Protein chains: 4
Amino acid sequence: MTYTASVVGGSGFTGGELLRILDGHPEFEIAQATSRSKENKTVGHSHPNLRHLDLRFTSPEDLESVDVLFAGTPHGVSMEHVDAFQDAADTVVDLSADFRLDSEEQYDEWYDGHTRPELLAESEYALPELNRENLPGADLIASGGCNATATIMGLLPLFEHDILSGDEQIVVDVKVGSSEGGAGGGEASSHPERSGVVRPYAPTGHRHEAEIEQFLGVDVSFTVHAVDMIRGAAATCHIFPDGPVSKGDMWGAYRGSYEDEPFVRMASGGGGVYRYPEPKAVAGTNFAEVGFEVDAANRRLVVFSAIDNMMKGSAGQAVHAANVALGLEETAGLDFTGFHPVGAP
Amino acid sequence: MTYTASVVGGSGFTGGELLRILDGHPEFEIAQATSRSKENKTVGHSHPNLRHLDLRFTSPEDLESVDVLFAGTPHGVSMEHVDAFQDAADTVVDLSADFRLDSEEQYDEWYDGHTRPELLAESEYALPELNRENLPGADLIASGGCNATATIMGLLPLFEHDILSGDEQIVVDVKVGSSEGGAGGGEASSHPERSGVVRPYAPTGHRHEAEIEQFLGVDVSFTVHAVDMIRGAAATCHIFPDGPVSKGDMWGAYRGSYEDEPFVRMASGGGGVYRYPEPKAVAGTNFAEVGFEVDAANRRLVVFSAIDNMMKGSAGQAVHAANVALGLEETAGLDFTGFHPVGAP
Amino acid sequence: MTYTASVVGGSGFTGGELLRILDGHPEFEIAQATSRSKENKTVGHSHPNLRHLDLRFTSPEDLESVDVLFAGTPHGVSMEHVDAFQDAADTVVDLSADFRLDSEEQYDEWYDGHTRPELLAESEYALPELNRENLPGADLIASGGCNATATIMGLLPLFEHDILSGDEQIVVDVKVGSSEGGAGGGEASSHPERSGVVRPYAPTGHRHEAEIEQFLGVDVSFTVHAVDMIRGAAATCHIFPDGPVSKGDMWGAYRGSYEDEPFVRMASGGGGVYRYPEPKAVAGTNFAEVGFEVDAANRRLVVFSAIDNMMKGSAGQAVHAANVALGLEETAGLDFTGFHPVGAP
Amino acid sequence: MTYTASVVGGSGFTGGELLRILDGHPEFEIAQATSRSKENKTVGHSHPNLRHLDLRFTSPEDLESVDVLFAGTPHGVSMEHVDAFQDAADTVVDLSADFRLDSEEQYDEWYDGHTRPELLAESEYALPELNRENLPGADLIASGGCNATATIMGLLPLFEHDILSGDEQIVVDVKVGSSEGGAGGGEASSHPERSGVVRPYAPTGHRHEAEIEQFLGVDVSFTVHAVDMIRGAAATCHIFPDGPVSKGDMWGAYRGSYEDEPFVRMASGGGGVYRYPEPKAVAGTNFAEVGFEVDAANRRLVVFSAIDNMMKGSAGQAVHAANVALGLEETAGLDFTGFHPVGAP
């Protein structure tokens, strides 16, 4: 093991996934996991899958010096503590929304006032498929939002290959699992109320639109539904291009963008039960699945993408970016392929 | 009890719901329930909720004379047996797709050849909110498709009140439960494969588009996803109107169309956990819930509608239409209000 | 409608079920629904299935005079307010554990100190199958615990017909849904943590043992597991009788006790998918299902029973008892038969 | 990579798990995956988590020579083909019930006639915690039944440490997921019928009793319930020992048997949400979790154990045994620790 790592905010869901990944990562050693509310408790107390680990949460006030610090803290907390994070580690990877956007103007449009706006231009967006070239040596990395990541993974090839220009009408209808709400949760996320739902929870104005706009240069009509799964974000993009687009054009774009990507799988109308992207197929993994159909009758493209919101949409993306930043094998620690069948992923 | 009724195809899911409704209906008496595969077995053998009924399936070859015959048989079967059905009953209510469309041309565009095309013009579409005035005295009634019903219930007021003309871009993103596939099912609907899914099962070209086009005069971009529930169809309509539409315009349209409808509830951004239409809120009932938001930033209307596909989307709609056809109280036999909380509906 | 009724604690799960039942009850009119936390809000705000009702919660401080008051308040609250309840209503039906046991000694063994112990001997246990003869005219009725009800319904015939004497070894292994925890809930009942569980939540010493002991005169080895459903309590009783017991003996006992009971269905090894009692088969209804097998090889009887914990195990039992107390038709307001298929019940 | 391996019956659920494990195993290389029904299709066609693998099913008629052959074929198939399996491989690990029992007499008591009874005495039971010393060099290994494995893991320390002798009354109440039924499945395992169940599917006489009796020398009263999860078998053992047993005795036994076992975790009444063994906590992993409570009032021991039926209860146990047989690191290929939260596991 070459690098030491800490996880700040280790008792939350994304903190637990960071610990799970780092525990199995050949190049990282976990130096510290902090949790204000679970100080001195074992990590297994919060994360039963890690019951066998001999590791206890420590206070976030006493950060050890490490190579990489991963922050799984809620939105708004990272910007308050970023100096301490950067004092403790050469590389800071933040999983909150605090450093995803490029400017204070963008931030203020979607969130409340930023206390460290000068860092916005400096930080790098984690998603390697979008921003790989800027990650090596980065010292502040912002892991993307899960719904934004699912959407960007679905749409990126169409922009990279000029099938879309940014003026098109695009509806993004997203379905997400309950882990997006984090551990704890209130009445709406209690099991009796949250089970079996198809619940419009962000009909309009979801904040992840900001990331999509920033990186793809397009305004999308975004609506998010809660459905009965724990993990997973599935985006269905309904796109109305200016002119005709063939299946061959589509395959060309997606293959062109993704054929060498280690964490992208195409699933587009093959046989069997799983013909298109599904959160079930990527549960627990860092894969994004992408697929599409051309609806000639309605001059529409339908693009499906699916990720595990805790992995490709959060902790997995963060470690992937750290791997790139440090020059490690990109897939190190992220080679779990998932299992089948799996229930609500 | 004034009227006798039979259920042909009584061992299927919609057959079971017909039997459940008719058993509790103050004006109907069940004369016969047929099932080719379950002949001589009790109805409780197929439908455990009806274990207390002293009723056995009989052969569909020997139909008794009744006032109303409900056919819960698969697509294509009703058109083969419609003469026998009409010989046995003055009023035939068919739950399949066989008699929903108005002309052979429409039928052939979406299904395979119709053997009794002359009946297409004669039959009446069951949905009372759309076709109430033509139901009294009708002798062949076609209960609507579940996904079409959910969509039509969501869009109808916008057409009735001239907010839409039919030229607009409309994306309909539907989420449905596993009961749509009927009893039995194959590998894709086995519990290990079907649990926890967000699965695109009809990316484009779903047949229910035909009904929507026929009744609303608009082509919609229709995509259906399977999600983890048993019952329920939830339609999210993303609409791009030609000019600005205010929330007041929307409330005017929906109140205008629905305020006197006994089976429509508005749910549009109120407080609490259930702010918009949800299949959970209508499980087991004949209610449709409808709600909306105006997305001014994207010049979009977002309309949500939710039904129980077995009830408002099938058996409940059928009995509602029969009530209207016979001049009974519209809500007779359909006054179950559902229960809360309920799991995957 | 002949009788007026109020529901105190109307915004909780059992309160919602009481309102649902009373709204459809031919002999009751809802006079008042109280909720301290939801005062002035519509009942639909808490219970989406009742969105169509024009009824708002009022303060529990101002109780109207009614014929029957149903209290859906938490354990310990009813004993504090029982005077106000009895001032307001001739008949009080309490759904908490406060008045289920007969003596202060029993109460203190399982709960903390009772503030009105003199009422324990006076109150009547609601379960009509056990206590029908004492209900007419009762002025304080205690609806049974859900797990106790499931167990008593399973074992009662064996005691009534002297197959068991009370000295036998009996293991009761119970599986329950998440609604037992009530609305709100903490981390353990959040959707991500509670979904898909088989979780031992009361390995030993569950308080409902007290009711079973009181009414059947037997000590049972009781263990409760949380499983992934919302409603439902299923008890599997593993019984080791002193001598051989035949299937005929068993059928004799169960038929003897239950053949005239309107809310008991036997399900014992017939054909089809649903061969034994299942919570799914009784979801939303007041039915208890009971069935058994004789395990000759191990000299064991296996008895299965299933109820909807919110209905037969709480609100339904309460209304059933009120019907008996007032001399109404026993099934009045409770004739909903459930629907099939249903998801996690 | 040192060893070549094939998977016969690769398109079934256990076949898919074998392929998933072997693909990530540092010492094995997959030479061949066979499937009669899916010949020439990619493994990803059956197992979407393996979509990225460049591997197609071949006919089971043409077996390549390999070091280890894993057979994921149904009961009865392995005994027909065992000569071909043994011709192809030095070590055969069979996941069916064909070679688990020691004698033809035992086999005939629980199954239908064995065609190769002479192999019963020769084959080794795979469970290393029970049979580690006999595995090195074994050429025919039988992976245990999932429900038997869960039960044996729970009870074994009590027999190894003489807390039980085999004469005690033991009730084993098991809860299992739907993957036990395998891919495909009929009406009872369709999603609408199987979701949300607590369904007694083997009230008495389950065949896995045979393995428990063979290895522990005790007759248990065994009952299996289907519950709403995909993976997982949870056994609750209710034990009535002859004399008093303290918590200290219990801890001594379990620590004595398991403290050095790499795939056993104790979970016995600690804090947090997950206090006892749960299938959720071990989903996708080869861990068994074990815990207990002493019910002094009823002179009962309650032992909980939980495994993933596809892993510790099948494919994981098989690879673990192969690792031992070949002298490899026991945990090789089996170091996935699971993730949290996970839905229906």
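Visitor: Before we start, what does buried area mean here?
Guide: Think of two parts being put together: each loses some accessible area, as judged with a 1.4 Å probe. Add up that loss over both parts, and you have the buried area. Keep in mind that we're looking at a predicted model.

Visitor: How much area do domain 1 and domain 2 of chain A bury between them?
Guide: First, the layout: domain 1 of chain A covers 3–144 + 311–326, and domain 2 covers 146–307. Their C-alpha centres lie 24 Å apart. Of the area they bury between them, 58% is on carbon and sulfur atoms, and the total comes to about 2,300 Å².

Visitor: Which three residues supply more of the area that domain 1 of chain A buries against domain 2 than any other three?
Guide: On the contact count, 21 residues of domain 1 of chain A meet 32 residues of domain 2. From the domain 1 side, 29% of the buried area comes from just one trio: Trp110(A), Glu129(A) and Lys312(A).

Visitor: Which element gives the largest share of the side of domain 1 of chain A that touches domain 2?
Guide: Between these two domains there are 12 residue pairs in polar contact. On the domain 1 side, α1, α4, α5 and α11 of chain A each supply at least two residues. The largest share, 6 residues, belongs to α11(A).

Visitor: How many salt bridges are there between domain 1 and domain 2 of chain A?
Guide: Side chains of opposite charge can pair when their charged atoms come close. In chain A, Glu261(A) and Arg132(A) make such a salt bridge, at 2.7 Å from N to O. Between the two domains of chain A, the count is 3 salt bridges.

Visitor: Are Arg231(A) and Glu17(A) buried or exposed?
Guide: These two form a salt bridge, with their closest N and O atoms 2.9 Å apart. Arg231(A) is in the loop between β9 and β10, while Glu17(A) is in helix α1, 214 residues away along the chain. As for accessibility, both Arg231(A) and Glu17(A) are buried.

Visitor: Is Arg36(A) buried or exposed?
Guide: Arg36(A) joins Glu61(A) in a salt bridge of 2.6 Å, N to O. The partner, Glu61(A), has a relative accessible area of 53%. The cut-off for exposed is over 50%, and Arg36(A) stands at 54%, so Arg36(A) counts as exposed.

Methods:
Residues numbered from 1 in each chain as written. Chains lettered and ligands numbered in written order. Predicted model: local features only at pLDDT ≥ 70, side-chain atom pairs only at ≥ 80, totals over all residues. Heavy atoms only, no water. Domains from an automatic or database assignment. Contact = heavy atoms within 4.5 Å. Salt bridge = Lys/Arg side-chain N within 4 Å of Asp/Glu carboxyl O. Polar contact = N/O pair within 3.5 Å; in protein donor to acceptor, adjacent residues only side chain to side chain. Helix = DSSP H or I, 4+ residues; strand = E, 2+ residues; numbered from the N terminus. Buried < 20%, exposed > 50% of the residue type's maximum accessible area, 1.4 Å probe, protein only.
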